[in-house]
Every structure is written in C-alpha cells, then in structure tokens.
Amino acid sequence: MFNFLKKKPIVTEPKPEEVTNPSLDSSNEAVDQDTAILPVATDNAEQTPTKKGLFSRLKTQLTKSREAFTSGLSRLFLGKKQIDDELLEELETLLLQADVGFEATSQIIDALTDQVSRQILKDPNALLESLADQLEALLTPVEQPLVIDADAKPHVVLMVGINGAGKTTTIGKLAKYLQNQQHKVMLAAGDTFRAAAVEQLQTWGERNQIPVMAQKTGADSAAVIYDAIHSAKAKKMDVLLADTAGRLHTQNNLMDELKKVKRVIQKCDAEAPHDVLLVLDASIGQNALNQAKEFHQAVGVTGLVITKLDGTAKGGVIFNLAQTMGIPVKFIGVGETLADLQVFNAKSFVDAFLDRQT
C-alpha cells in the first residue's frame with residue numbers, strides 16, 4: 001500500500017529516540033561535511049539501531065526525494081481508472097524529473113508498457129506496484145555490502161571523491177562502524193592538502209582509540225599511505241581506511257596523482273587496495289554519473305557511498321547509477337549522526353522512496 005494515495009495525508013514524524021541534533025542537520029547548508037567534526041555516539045542503541053529503527057530513519061531522511069516524486073504520482077493517478085498512453089508518458093516525465101535518468105527510465109517504461117500490452121497490468125494500482133518492483137529490480141544487483149578480507153591484514157580501503165562530497169566525514173563514520181563490527185581499524189590521513197582533514201581524522205582516532213597515520217600538511221599523499229600500510233601490517237590491523245584529497249574528476253593532473261597512490265599501495269601489497277570506495281554527493285544529480293565514470297576509469301572503483309540523500313530531492317540518481325554503472329552501493333548517507341551511515345538495502349530504499357508499506 002502506498003501512503004501517498006490515501007485520502008488523508010500521512011505526516012511521518014521521527015520517534016523521540018531518532019531525533020538528531022538540529023545543529024548537525026545535514027540540510028543546513030552551513031555544515032561542511034568535509035570539515036565538520038562530528039560527535040561520536042557512546043550509546044550502543046545509537047551505534048547499532050534496530051532494523052525497524054533504520055527503516056524509520058531512512059524514510060524520514062528521504063522526505064525531500066520522496067515528496068518530490070510521490071506528489072507528482074498522486075496528481076497523476078488521481079481519479080485514473082485505466083492505464084493509457086498519456087499516463088505512461090507522464091510517468092516517464094516524472095521519473096526523469098526525479099533524476100532516475102534516461103536509460104533507467106526507458107528500461108522501466110518499456111517493461112511497464114510490455115506488461116500493459118500483455119494485460120498483466122489492468123489498472124493504475126497494479127501499475128504502481130509494478131513500478132515499485134521495477135525500481136527494486138534495478139537496485140538489487142548493486143546491493144552488495146562491504147566484506148572485509150580476514151586474510152589481508154590489513155584490508156586496504158582507498159577512499160576517493162571530489163571536494164565537498166563528505167568523504168572525510170564518511171571515513172570517520174565508517175571507521176566507527178567497522179570498529180563496532182569488532183575489526184581493528186587504522187586511518188591514513190592521505191588528504192595532506194587540507195589541514196582540517198588531518199585534524200578531523202585525528203579527532204576521530206582520539207575519541208575511538210583508532211590509530212591515525214599522518215604527516216604534515218603538504219606531505220606526499222602516497223608516502224603517507226605507504227607508511228600506514230607498513231604500520232598496519234606490523235600492528236596486525238584488520239582494516240586500513242586511506243583518505244585522499246578531494247579532486248574534480250576533470251582535473252587530469254590530480255587524477256594522475258590518484259593513480260600514483262594506487263601504484264604505490266600495490267608495491268606494499270599486490271592485492272591492494274582491496275576496495276576503492278567513491279563518495280558521491282547525491283545533491284549533484286546526474287553529474288554523479290560523470291564522476292563515477294571518470295573515477296572508475298582512473299582507479300577501478302569497487303563500491304559507492306552516496307551521501308547527503310537527506311538534503312536533496314535528487315535521490316533518484318541512485319537508480320541511474322545502478323542501471324548505467326552497475327557498481328555496488330556499499331553505504332548511503334542520510335544524515336549527520338553515526339547511525340545515518342547505513343548499509344545499503346534495495347528494498348528498504350525503494351519502500352522509503354515511494355512511501356510504501358509492506
């Protein structure tokens with residue numbers, strides 16, 4: 001059942017225990033997710049919320065994307081008794097406006113049109129259910145959680161992305177997540193361009209007793225990460241999270257520098273980096289696809305972390321990324337707290353995006 005089709009509007013309010021600190025609300029444009037030092041939760045309920053709590057939080061935090069899309073669906077389906085070409089054309093327009101992307105939208109509309117022609121779908125309600133199934137089918141193949149290789153010692157995760165995507169903040173949250181999974185974690189402050197990035201990782205390390213390998217601002221990023229890998233090996237760390245300086249995918253010299261970092265890592269361990277996670281800001285919409293293509297070509301991205309989904313109406317871009325790139329989505333960021341870095345789940349995302357109760 002889709003809540004937006006009910007006669008009375010449903011207003012979803014966060015439960016008391018899920019209310020985040022308003023001063024840390026990621027919808028506040030004053031917060032820079034690459035420089036903000038976030039408080040580290042000490043309560044286990046905050047660090048490991050229940051499955052129901054995670055879905056409720058996700059549904060609340062996806063409000064902008066959901067309302068932008070479902071308000072159009074509500075108007076489109078109001079009073080409709082049958083499926084016709086006009087309905088399908090308007091649905092196609094809504095999907096494109098929601099940043100689902102041309103290729104993903106075409107695939108969805110073609111599938112729906114085929115089902116209508118074969119009389120599998122006979123009314124708008126059935127069409128909506130099939131739409132939800134199509135969206136979930138797009139995302140299910142990229143629902144692949146981060147798996148730490150227990151034999152690697154350390155499992156090296158190279159974090160990349162453009163300036164302002166929330167990369168350094170994500171590293172801090174991910175470090176705490178992995179620590180809660182009983183992994184021994186080390187951080188490498190490879191973003192030597194910004195002093196704030198080094199300080200931020202050091203703060204996370206101090207608060208959570210996570211060692212941080214860092215050098216002075218302006219040091220060679222590859223050298224910092226090289227030293228960190230040797231240190232992590234000596235200390236028998238399970239995971240090394242290596243930060244890198246933010247760079248635009250169009251800056252060829254900086255992308256070449258990133259390739260150098262990867263080559264240096266492979267001198268320490270031919271199998272490393274075991275994962276390359278690209279942090280993408282959902283609010284940039286379809287430009288995220290261009291970023292994913294360029295970073296993947298440069299360093300072979302193995303997973304995506306899509307951030308700032310709570311502060312944008314462009315959350316539909318995740319469908320286009322899934323359909324076009326097929327790169328696994330490891331995590332999504334839907335807010336500023338530790339619990340708002342969530343392991344990606346296709347069904348939960350679609351249910352929250354469409355305001356569907358199952």
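These exercises, each with a worked solution, deal with a predicted model.

**Exercise 1. Sheet layout**

State the order of the eight strands in the open sheet, and find which strands stand at the edges.

Solution. Start with the inventory: the chain has 13 helices and eight strands. Next, read the order. The open sheet runs β3-β2-β4-β1-β5-β6-β7-β8, with mixed pairing. Now take the ends. β3 (212-213) and β8 (341-343) each have a single partner strand, so one side of each lacks a neighbour in the sheet. Finish with the β8 end. Strand β7 (residues 329-333) pairs with β8 in the antiparallel sense, over three bridges. There, glycine 333 faces leucine 341 in β8.

**Exercise 2. Around β4**

Which residues stand opposite alanine 242 in β4?

Solution. Take the pairings one at a time. β1 and β4 pair in the parallel sense over four bridges. On that pairing, leucine 158 stands opposite alanine 242. β2 and β4 also run parallel, joined by four bridges. Here alanine 188 is opposite alanine 242. Then look at the faces. In a regular strand, side chains alternate between the two faces of the sheet. For β4, Val239 and Leu241 lie on one side, Leu240 and Ala242 on the other. These four residues are buried, and both faces of β4 are covered.

**Exercise 3. Strand β6**

Determine how many residues of β6 are buried, and which way they point.

Solution. Count first: in strand β6 (residues 303-307), five of its five residues are buried. Then sort by direction. Gly303, Val305 and Thr307 point one way; Leu304 and Ile306 point the other way. Last, place the strand. β6 runs parallel to β5, with five bridges between them. Leucine 277 is opposite glycine 303 in β6.

**Exercise 4. Helices on the sheet**

Which strands does helix α11 lie across, and at what angle does it run to β5?

Solution. Helix α11 covers residues 287-299. It lies across β1 and β5 (275-281). Its direction is at about 160° to β5.

**Exercise 5. A helix pair**

Classify the packing of α6 and α13 by angle, and describe the residues in contact.

Solution. Two packed helices are described by the angle and the distance between their axes. The axes of α6 (residues 124-139) and α13 (residues 346-354) come within 9 Å and cross at roughly 140°. That crossing makes α6 oblique to α13, because only angles over 145 degrees count as roughly antiparallel. The handedness is right-handed. Now list the contacts. From α6 come Ala132, Leu135, Glu136 and Leu139; from α13 come Ala346, Lys347, Phe349, Val350 and Leu354. By class, seven are nonpolar, none is polar and two are charged.

**Exercise 6. A loop residue**

Is isoleucine 210 buried or exposed, and what does it touch?

Solution. Locate it first: isoleucine 210 sits in the loop between α8 (195-208) and β3. Its relative accessible area is 5%. The cut-off for buried is under 20%, so isoleucine 210 is buried. Next, the neighbours. Leaving out residues up to four places away in sequence, isoleucine 210 touches Ala175, Gln179, Val185, Met186, Leu187 and Gly205. Take glutamine 179 from that list. Isoleucine 210 and glutamine 179 are 31 residues apart in sequence, with C-alpha atoms 8.6 Å apart.

**Exercise 7. The chain overall**

What percentage of the 358 residues counts as buried?

Solution. The share is 54%. As a follow-up, consider contacts with a separation of 6 or more: residues 24 or more positions apart account for 79% of them.

Key: Residues numbered from 1 in each chain as written. Predicted model: local features only at pLDDT ≥ 70, side-chain atom pairs only at ≥ 80, totals over all residues. Heavy atoms only, no water. Axes fitted to C-alpha atoms, helices over the stretch in contact; angles between N-to-C directions. Helix = DSSP H or I, 4+ residues; strand = E, 2+ residues; numbered from the N terminus. Parallel < 35°, antiparallel > 145°, perpendicular 65-115°, else oblique. Left-handed = near helix turned anticlockwise from the far one by under 90°. Contact = heavy atoms within 4.5 Å. Nonpolar A, V, L, I, M, F, W, Y, C, P; charged D, E, K, R; others polar. Pairing = 2+ DSSP bridges. Buried < 20%, exposed > 50% of the residue type's maximum accessible area, 1.4 Å probe, protein only.
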